[in-house]
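Work through these exercises with the model open beside you. Try each task before you read its solution.

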Amino acid sequence: MENVVITVIGLDKPGIVAGITKIIADSNSNIVDIKQTIMQDLFTMIMMIDIESSNKQLSELKEELEKLGAEINVKITVQHENIFKYMHRL
């Protein structure tokens, strides 16, 4: 597997998960794990996706997700699992 971590934060509204998962599905990537919560009006989500069979480069996927984030006014961050682990090690 080649995993990518996606984090999302912003004001809750309908369609956030749908928009993100559509981009992931269209890229032929697979959701490995997903956690989301709503704290008052704040939506937060973290996903692990496998891009090994993706028909898009990581940079393309990241660009599409960040563009969606700007359109729906949420912050979407996309990081390869290896970079995420390196940046957040103790």
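**Exercise 1: Build the sheet**

β1 and β3 pair in the antiparallel sense over nine bridges. Strands and helices here are DSSP runs numbered from the N terminus: a strand (E) has at least two residues, a helix (H or I) at least four. Two strands pair if DSSP finds at least two bridges between them.

The model is predicted: local features need pLDDT of at least 70, side-chain atom pairs count only at pLDDT 80 or more, and totals for chains, interfaces and linings use all residues. Residues are numbered from 1 along each chain as its sequence is written, and side-chain values use heavy atoms, with hydrogens and water left out.

*Task.* Find the order of the four strands in the open sheet.

*Solution.*
- Step 1. Start from the pair β1 and β3; in it, Val8 stands opposite Met45 of β3.
- Step 2. Add β4. β1 and β4 are antiparallel and share seven bridges. Ile9 faces Lys75 in β4, and Val4 faces His80 in β4.
- Step 3. Add β2. Nine bridges join β2 to β3, again antiparallel. Asn30 has Asp50 of β3 as its bridge partner.
- Step 4. Read off the order: β2-β3-β1-β4, with antiparallel pairing. β2 (30-39) and β4 each have a single partner strand, so they stand at the edges and one side of each lacks a neighbour in the sheet.
- Step 5. Check the turn between neighbouring strands. The average is 10°, direction ignored. Axes are lines fitted to C-alpha atoms, for helices over the stretch in contact; angles run from 0 to 180 degrees between N-to-C directions.

A reminder: strands of a sheet pair through backbone hydrogen bonds, either parallel or antiparallel.

**Exercise 2: Add the helices**

*Task.* State which strands α1 lies across and which strands α2 touches.

*Solution.*
- Step 1. Count the elements. The protein chain has three helices and four strands.
- Step 2. Put them in order from the N terminus: β-α-β-β-α-β-α.
- Step 3. Take α1. This helix lies across β1, β2, β3 and β4, and runs at about 15° to β3.
- Step 4. Take α2. This helix packs on the sheet and touches β1, β3 and β4; its direction makes about 165° with that of β4.

**Exercise 3: Find the core**

*Task.* Say how many residues the largest nonpolar core has, and which elements give two or more residues to it.

*Solution.*
- Step 1. Fix the term. A nonpolar core is a set of buried Ala, Val, Leu, Ile, Met, Phe, Trp, Tyr and Cys residues joined through side-chain atoms within 4.5 Å. Buried means under 20% relative accessible area, exposed over 50%, partly exposed in between (1.4 Å probe, protein chains only).
- Step 2. Count. The largest nonpolar core has 18 residues. Ile6, Val8, Ile20, Met47, Ile49, Leu65 and Ile76 have the most contacts inside it.
- Step 3. Name the elements. They are β1 (3-11), α1 (16-26), β3 (42-50), α2 (58-72) and β4 (74-80).
- Step 4. Inspect Ile6. Leave aside its neighbours within four places in sequence; among its contacts (heavy atoms within 4.5 Å) are Ile24, Met47, Leu65 and Ile76.

**Exercise 4: Inspect three loop residues**

*Task.* Are Asn28, Gln40 and Asn73 buried, partly exposed or exposed?

*Solution.*
- Step 1. Asn28 is in the loop between α1 and β2. Its relative accessibility is 45%, so Asn28 is partly exposed. Not counting residues up to four places away in sequence, Asn28 touches Ser53, Ser54 and Asn55.
- Step 2. Gln40 is in the loop between β2 and β3. This hairpin has two residues between the strands. Gln40 is exposed, at 79% relative accessible area. Its phi is positive, about 55°, although Gln40 is not a glycine.
- Step 3. Asn73 is in the loop between α2 and β4. At 62%, Asn73 is exposed. Its phi is near 65°, again positive in a residue other than glycine.

**Exercise 5: Judge the whole chain**

*Task.* What is the radius of gyration of the protein chain, and what does the globule rule give for 90 residues?

*Solution.*
- Step 1. Recall the rule: 2.2 Å times the number of residues to the power 0.38, with the radius taken over C-alpha atoms.
- Step 2. Compare. The radius is 13 Å, close to the 12 Å of the rule, so the chain is as compact as a globular protein of that length.
- Step 3. Add the burial: 34% of the 90 residues count as buried.
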